[in-house]
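User: Please take a close look at a single strand of this model and follow it outward to its surroundings. I would like one connected account rather than a list.

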4 protein chains.
Amino acid sequence: MLTQKDFDVKLLGTQEIQNPVPERDWVPENGGIVYPSSIRELDAYTAAGETIPHFRQAGATAKIFHDPAWTKAAILTAGGLCPGLNDVIKFLIRTLKRQYRVPLVYGIRYGYRGLVPQFHLEPMILTEDVVDGIHEIGGTILGSSRGRQDEKIMVDTLDRMNINVLFCVGGDGTLRCAHDIAGEVQRRNLKISVIGIPKTIDNDIGFIDKSFGFETAIYTSAHFVTAAHNEAEGAYNGIGLVKVMGRDSGFIAAAATLGNSHVNYCLVPENPFTLDGDGMKSLLPNLEDRLAERHHAVILVAEGAGQNLFETESARRDASGNKLHQDIGLLLKKRINEYFAAKNIEVNIKYFDPSYAIRSLPASGTDAVFCAMLAQNAVHAAMSGYTDVVIGHWHNDFTLVPIPLATRQRKKIDLTSPLWKSVRATVRM
Amino acid sequence: MLTQKDFDVKLLGTQEIQNPVPERDWVPENGGIVYPSSIRELDAYTAAGETIPHFRQAGATAKIFHDPAWTKAAILTAGGLCPGLNDVIKFLIRTLKRQYRVPLVYGIRYGYRGLVPQFHLEPMILTEDVVDGIHEIGGTILGSSRGRQDEKIMVDTLDRMNINVLFCVGGDGTLRCAHDIAGEVQRRNLKISVIGIPKTIDNDIGFIDKSFGFETAIYTSAHFVTAAHNEAEGAYNGIGLVKVMGRDSGFIAAAATLGNSHVNYCLVPENPFTLDGDGMKSLLPNLEDRLAERHHAVILVAEGAGQNLFETESARRDASGNKLHQDIGLLLKKRINEYFAAKNIEVNIKYFDPSYAIRSLPASGTDAVFCAMLAQNAVHAAMSGYTDVVIGHWHNDFTLVPIPLATRQRKKIDLTSPLWKSVRATVRM
Amino acid sequence: MLTQKDFDVKLLGTQEIQNPVPERDWVPENGGIVYPSSIRELDAYTAAGETIPHFRQAGATAKIFHDPAWTKAAILTAGGLCPGLNDVIKFLIRTLKRQYRVPLVYGIRYGYRGLVPQFHLEPMILTEDVVDGIHEIGGTILGSSRGRQDEKIMVDTLDRMNINVLFCVGGDGTLRCAHDIAGEVQRRNLKISVIGIPKTIDNDIGFIDKSFGFETAIYTSAHFVTAAHNEAEGAYNGIGLVKVMGRDSGFIAAAATLGNSHVNYCLVPENPFTLDGDGMKSLLPNLEDRLAERHHAVILVAEGAGQNLFETESARRDASGNKLHQDIGLLLKKRINEYFAAKNIEVNIKYFDPSYAIRSLPASGTDAVFCAMLAQNAVHAAMSGYTDVVIGHWHNDFTLVPIPLATRQRKKIDLTSPLWKSVRATVRM
Amino acid sequence: MLTQKDFDVKLLGTQEIQNPVPERDWVPENGGIVYPSSIRELDAYTAAGETIPHFRQAGATAKIFHDPAWTKAAILTAGGLCPGLNDVIKFLIRTLKRQYRVPLVYGIRYGYRGLVPQFHLEPMILTEDVVDGIHEIGGTILGSSRGRQDEKIMVDTLDRMNINVLFCVGGDGTLRCAHDIAGEVQRRNLKISVIGIPKTIDNDIGFIDKSFGFETAIYTSAHFVTAAHNEAEGAYNGIGLVKVMGRDSGFIAAAATLGNSHVNYCLVPENPFTLDGDGMKSLLPNLEDRLAERHHAVILVAEGAGQNLFETESARRDASGNKLHQDIGLLLKKRINEYFAAKNIEVNIKYFDPSYAIRSLPASGTDAVFCAMLAQNAVHAAMSGYTDVVIGHWHNDFTLVPIPLATRQRKKIDLTSPLWKSVRATVRM
């Protein structure tokens, strides 16, 4: 059970310096965000006599901890690409430079490696001119890498470079490593704010209702669904099979299904299915019915769906420690072909695996708005002296979430949620 | 002051029929959505001893009012185009047909006119086949028109055609007219659910935190900002001036400013400015400084901004009764040219007015997801027998909002909100 | 050696009917297109005393063979998808209906299968309303299939359905089958024009300088090259590897290389290369140098490139009789990883195989213009009574090319051509 | 009448230096491009005993004039924006640097102004790093301006800066000014190659069959036609009116009409029309018929069309000396409204003027290929010592065209050409 303590955020020390950001832009004191949204939930807490858990609202504070004139900041991006990385980088720098007049901002190359001297990766000096147009370019100008490095060595580097503020943009693994750095910083009693900016195209970080890159992923997935639909319609019993990101959570698949209603099957990790059994959740007989009726079908599958269907479980992990899934797309393609071949029914499968083509795009539209505000709030949090914290989002507000809370468990699709009800209403399975 | 009564939704009669939607998809009884999100706000209500206002959560109910087998539904779209109209239409039909098996759905042509016999506009019969691919096409397959018609005549038509469920997709004016229809229905004691689906690309309907089409507008505006930036950089003292939608509220301009950070000036109705005075909010001297420093600038202006700058106030109104604004874009172009000509400074202005090219697109990405869920919930509300209600959205949930509450006042940018703080931090003015 | 005879086009009979197309739109009599374009080439023909080969210019003729009022037309699409299929279909129908007032146009389903009764594929009736918006949709509304059918059975069907004009849109195999149908038609002395519309996204049909879909393929490939570049820059020694279409000819790879100059290596079937030898055309050592210098690289490979690098030659063929290539993309990925692993150099390869996502798009821009004009000319050729002919393009003009000439040999990149000189000048290899 | 002399290109002096470009990439000696393409045309020349006019093929020559090691190059862009300017700039630099190892390349700011000291515009130093990603960005990194400057002053600057090679990217006016510079260079007996790169989004430069930016303009226009169509269908008697570029020639309007077949009326300068007369070319009665039949219409109008319809002729000219047209779009909007108001017929016009949003985009697809090859050939021409020449394109080959020939007269749509025949067949007027 969560207690109020789990929501508390750490501060490096007393906030004594007047914030150069004008007063009208300060966040209200005690501006916490209430966690429950329904009356039922609220009543339950009240009835149980529990304190209602809540997050601190992100934003500029009246007093800050780090003196801007003496601040050196550093930014790193780690893990796989995600739309919006360059937007976040641009707005970190813009906010550090324009609102706080921080004189020096380093770009650390290739994730945590850039903090380990043996890799000989010279940091970039980041100015507003360097980043002026990068919000229209995908990827990350800093480069990225997977995996963690020794926090002792990295804190040595931060200390030697006199860095006071470190922004770590990355997923689960990246945030855990940021937490370790924050711990080492605390052990040495250094004054370095470690701020996590949660990057998960899968939108699966706990206690954060939205993450950057997700909207762009949905937007772009729609193009591939249309392509799959066109291929499916273009052949007799054509099947367009699209694998999208979603290692443990099917949010991309679910949203993309509603975002382009040509999808007939939406397969996600949270909702187990079988291939050829008798039950309602048996894909192949259901697909056979669909083809008999319409002669074409589109299947959208999250990469983490149906892992139980593999005979031997995968033991491989990537450098970030994520379990590497076996390829459900290829398995489905094989099993569908076998099933219909055995029945002497012609099918024509076209398989799409567009992940890299999605995650390497720049963020667009309101996703870019989200990146900008996220980065601004990350700078405010850092200058205020918060540490070991990620910038979250809850109920239309940006929040401060302790890293351990954010990495405690992945967010998953609630099969009783309005989202999944809506998906279920529009697909065959 | 709002009272609980303002949040109450009307029901045509007792819900006595078992909902054909499976039980797992029903919305929880008493699933109201809490209105305040901050502890401070919550405490204030509690301290004052007031009932916390809240919305009913939208969704399928256990029992419904209209018998699907006997139901005839009609859909109309009114007012200007907006991304997502066809998505909404498709999902209304899909939900009526698949989840409730409603046998007959009419498409009313050209807004409320289609309900007035003298216009001789035969309704369309809408089936799933007819709407299969329309979610990829902008505009509305039903056609639209501005202005209201006599509710008595329209209710005559609904009654004569035995329509039980009417979906009105449109803005302020459309919703008010829907409310009048609902009133006339009530006076005649008919059993017709009138459900409003709020359409406002400006995202300015009260008590609704997000409206369909808005995300696509932000996404598309970014292309025009980039074009304006390229034009501005391509000429000496180049100025790219982009007018976007936003009659009374500057949400599009504000979000588009963060969505494409090439914008240097964001002018919205909520934040008055002068042209050539001395103060901090004086555009032309500020622009002169910017050009001296960088030799190019991008200005984003909402159509409703700066109306005080016109000498004679506009008296024109469109057929929907909206006051027609004078063209702030053309005024700015003229005044900028005059100001710099008087100072013998060369400037090169390129003016963009992309409204029609934005609003006529299909909804994309999560905006399409929103349309789908909105339409599904509209059907649930209708079949449950609710009437005189619009489908809203609050804190990630879909809600039922009484039409009078939704049309009471327009939503505007709060200049103390996180959104505007973020905008202010990234522009010169 | 080609003789004049190879350029002669067949006519079903005497053109006796006045063309309903107005006179100003007729193509000039004797409007042949000269084949050579350089003085040197021209001189060579003249010196050798040879007749200069030429094509007949396509277009409406003064007199036609088929009486429009009695004409029944049929359209089929065969082989893989290609951008522009629906544009071609739309303009065939529009031209048949508007310019010739042909009363009945059938859409044959799923390629040649639709002409074989045993498949039970009812033809569609194609009207202008049916095809009004299809030019904005990818794929083919008719469906397609690979492989040929018995021409005797198909001509039985054509005869029984009283079809006078058959349009076959497809590649090499499709055109050869069309030629066989035309032969069978001739043997039976029927009056059926068989017109081929060459579909090859690879742009590799002989004696035709441009084919539809190609431009859209180049346009779309650029997005994947950018994605590959972003992925490559985002990782240490990142390599973006993109496989594009090009079974026997590398035109897509060559043009896409110039179309997005992030490409560093362009591998095509016409230009053999080795992997790890010493020579100048050895990919892996060259790549090693590139990575040492810049730490990222983009490789663009045509699917037919490097087939000599496989130990055992592929014996598989698809239903159209095309030899199925082994996957050069996967081979390169494997060999690159092995090469650098053996040298203990980290590389990060991201592999893109976007073929289906490219070919399933609608044609755009001047590619759509090309489709429209191609289809118009196909109708003119058909109504004039030409048969066994494809509509080609040469030197900015549309031409009539006998099917046997068009299918005689594939067009390949001339390594001494300006195109390849330009590619060579911009890549490392 | 043209004589052979009109096709002759000027050379600064003897080509004595071995070209560093490898021999396999040299263009063949005497590789002239034949001008006529039809047998009829060819026969006419032969019968008349005339020499067949031809262009010199562009490309690297065996010997060159300028010693690369001592060469200083300069690039300028003048006139309005056009898709592909940055592609051209990038490939000029890439070719100068990679193929010729030219040590210094200047970017002249804001067109010819940058060569006039009084404007204090410091040139940029252009390296491969500076231009690495600019092919994905619209506009011109050099800036542009309209109008000419004194060639004496400009040649003073070129001489003082020791520039040997000047690339002028621009339209008619720009090329004429380049010709004047070349003349002044010749009078002073300097060794400066002046190479024009023809920029005309209208595709209207004489003796050049294709110009860069045109394809992208067609591609992008299609989006606005779709928007206009959606707006037209969305209202009763809706009319989507789109004005596209085309000051004197209607190539964009013509191609865009075929490129998006939603267009019903294509109005170009070459094809006069009346508004309300009786004849076949009378727009308003024709439009009335269309609306009566279909209740919506799309009109595409080139900016230079219908200038005869204005009562007083425009006397305004822009800084480049181009006559400024009166706004045919606004005139049409006004006259259409008046015509139907007088007849008491409701119409709803939506007017689109997307020029800036089209011309400020980057070149895409085969348009970018064209830019790359054009720029490469410009560098070859310059290093070979040619001067007073533009790089043209004819029959799939790049050519050298004397500037006076290219600027002699604008290319216009031939109303008897296949292009216009195709347009006429698909529109009402």
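Analyst: Two strands are taken as paired when DSSP finds at least two bridges between them, and that criterion underlies the account of strand β10 of chain D that follows. The model is a predicted one, and the statements below should be read with that in mind.

Strand β10 of chain D spans residues 193–198, and six of its six residues are buried, so the strand is largely enclosed by the rest of the structure. The burial applies to both faces: D:S193, D:I195 and D:I197 are buried on one side, while D:V194, D:G196 and D:P198 are buried on the other.

Two neighbouring strands can be followed from here. Strand β9 of chain D, residues 165–170, pairs with β10(D) in the parallel sense through six bridges, and within this pairing D:V194 of β10(D) is the bridge partner of D:L166. The connection between these strands involves helix α4 of chain D, residues 172–187, and β9(D), α4 and β10(D) together form a right-handed β-α-β unit. Strand β16 of chain D, residues 389–394, also runs parallel to β10(D) and is joined to it by two bridges; here D:V389 of β16(D) is the bridge partner of D:I195.

Beyond the strand, chain D can be considered together with chain C. A rotation of 180° with 0.0 Å of shift along its axis superposes chain C on chain D, with an RMSD of 0.1 Å, which is the relation of a two-fold axis. Among the residues of chain C, C:H395 comes closest to that axis, its C-alpha lying at 2.5 Å.

The contact between these chains involves 52 residues of chain C and 51 residues of chain D. On the side of chain C that touches chain D, the elements giving two or more residues include α1 (39–47), α2 (85–99), α5 (214–233), α10 (366–384) and β17 (397–402) of chain C. By class, that side of chain C has 18 nonpolar, 23 polar and 11 charged residues. Because 98% of the interface residues of chain C are also interface residues in chain D, the copies meet through the same surface.

Finally, the largest nonpolar core has 553 residues, and those with the most contacts inside it are A:L300, B:L300, C:L300 and D:L300. Leaving aside residues up to four places away in sequence, C:L300 touches several residues of its chain, among them C:V225, C:V242, C:V244, C:A253 and C:Y265.

Definitions and conventions. Residues numbered from 1 in each chain as written. Chains lettered and ligands numbered in written order. Predicted model: local features only at pLDDT ≥ 70, side-chain atom pairs only at ≥ 80, totals over all residues. Buried ≥ 20, exposed ≤ 12 C-beta atoms within 10 Å, placed from the backbone. Helix = DSSP H or I, 4+ residues; strand = E, 2+ residues; numbered from the N terminus. Right-handed = clockwise from strand over helix to strand, strands pointing away. Least-squares fit on C-alpha atoms with pLDDT ≥ 70 in both. Contact = placed C-beta atoms within 7 Å. Nonpolar A, V, L, I, M, F, W, Y, C, P; charged D, E, K, R; others polar. Core = buried A, V, L, I, M, F, W, Y, C linked by C-beta atoms within 7 Å.
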